[in-house]
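Hi there,

Here is the structure I promised to pass on. Have a look at it first, and my notes follow below.

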Amino acid sequence: MDEAEARRRFADGRVARLATVAQDGRPRVVPCCFVLAGDVVYSAVDEKPKASPDLARLKDIAVHPDVTLVVDHYTEDWDDVWWARVRGTARMAEGDEEARAVTLLREKYPQYQAHQLARVVAVDVTEVRGWSGS
């Protein structure tokens, strides 16, 4: 799959898996809602219940900002299986960028209209790759 197709499939995805590097060097993976805007992926931290308000993924990003996000599609027909991966450098969005990201996330996910989005992670994309079974 070429980069343009991988980017399209990634952008159309409804849920991604965000991989960070924990402070002890182990990988940490969490599902997330996201939006791809140009060369930046945005994902919000909302007010839904969390184990702790001090999220591990945000601590990971502060120490080691290199992250990977994957969107995939699986069916029993392996010709239709595919994945799209984005690698990049994560940071916290602020100011006008954060406000724009919240607007984009609420457009993609109407459920966010009823949720407060406390913080937004921005991932500056450095690589887009994909693979498909056909």
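Throughout these notes, contact means heavy atoms within 4.5 Å. This is a predicted model, in which local features need pLDDT of at least 70 and side-chain atom pairs count only at pLDDT 80 or more, while totals for chains, interfaces and linings use all residues. Residues are numbered from 1 along each chain as its sequence is written, and side-chain values use heavy atoms, with hydrogens and water left out.

First, the overall picture. The chain has three helices and seven strands; these are DSSP runs numbered from the N terminus, with helices being H or I of at least four residues and strands E of at least two. Along the sequence they follow the pattern α-β-β-β-β-α-β-β-α-β. The C-alpha trace spans about 40 × 35 × 25 Å along its principal axes. For 134 residues, a compact globule would have a radius of gyration near 14 Å, and the 15 Å of this chain agrees with that (taken over C-alpha atoms; the globule rule is 2.2 Å times the number of residues to the power 0.38).

Of the 134 residues, 40% count as buried, where buried is under 20% relative accessible area, exposed is over 50%, and partly exposed is in between (1.4 Å probe, protein chains only). The chain exposes about 7,700 Å², and carbon and sulfur atoms supply 52% of that area (Shrake-Rupley method with a 1.4 Å probe; for residues, only the protein chains shown count as cover). Among contacts with a separation of 6 or more, 69% come from residues 24 or more positions apart.

Next, helix α3. It covers residues 95–108, 14 in number, and reaches 20 Å from its first C-alpha to its last, close to the 20 Å expected at 1.5 Å a residue (the expected span is 1.5 Å times one less than the number of residues). Its buried residues are A101, V102, L104, L105 and K108. They cover an arc of only 165° around the axis, so they sit on the same side of α3; the arc is that of the directions from the helix axis to the C-beta atoms. What do these buried residues pack against? Their partners are α1 (3–12), β3 (35–37), β4 (40–46) and β7 (117–132). The face turned away from the buried side carries the exposed residues G95, D96 and E107.

Y42, in strand β4, ties in with this helix. Y42 is buried, at 2% relative accessible area, and its contacts beyond four places in sequence include E97, R100, A101 and L105. Y42 and A101 are 59 residues apart in sequence, yet 6.3 Å apart in space, C-alpha to C-alpha. A polar contact of 2.8 Å joins the side chains of Y42 and E97 (a pair of N or O atoms within 3.5 Å; within protein, one must be able to donate a hydrogen and the other to accept it, and residues adjacent in sequence count only if both atoms are side-chain atoms).

Two more residues to look at. D60 lies in helix α2 (residues 56–63) and is buried, with a relative accessible area of 1%. The side chains of D60 and R28 share a polar contact of 2.6 Å. Setting aside neighbours within four places in sequence, D60 touches T20, V21, A22, Q23, R28 and P65.

G130 belongs to strand β7 and is buried at 18%. With the same neighbours left out, G130 is in contact with M1, A6, W83 and A84. Between G130 and W82 there are 7.4 Å, C-alpha to C-alpha, at a sequence separation of 48 residues.

Best wishes
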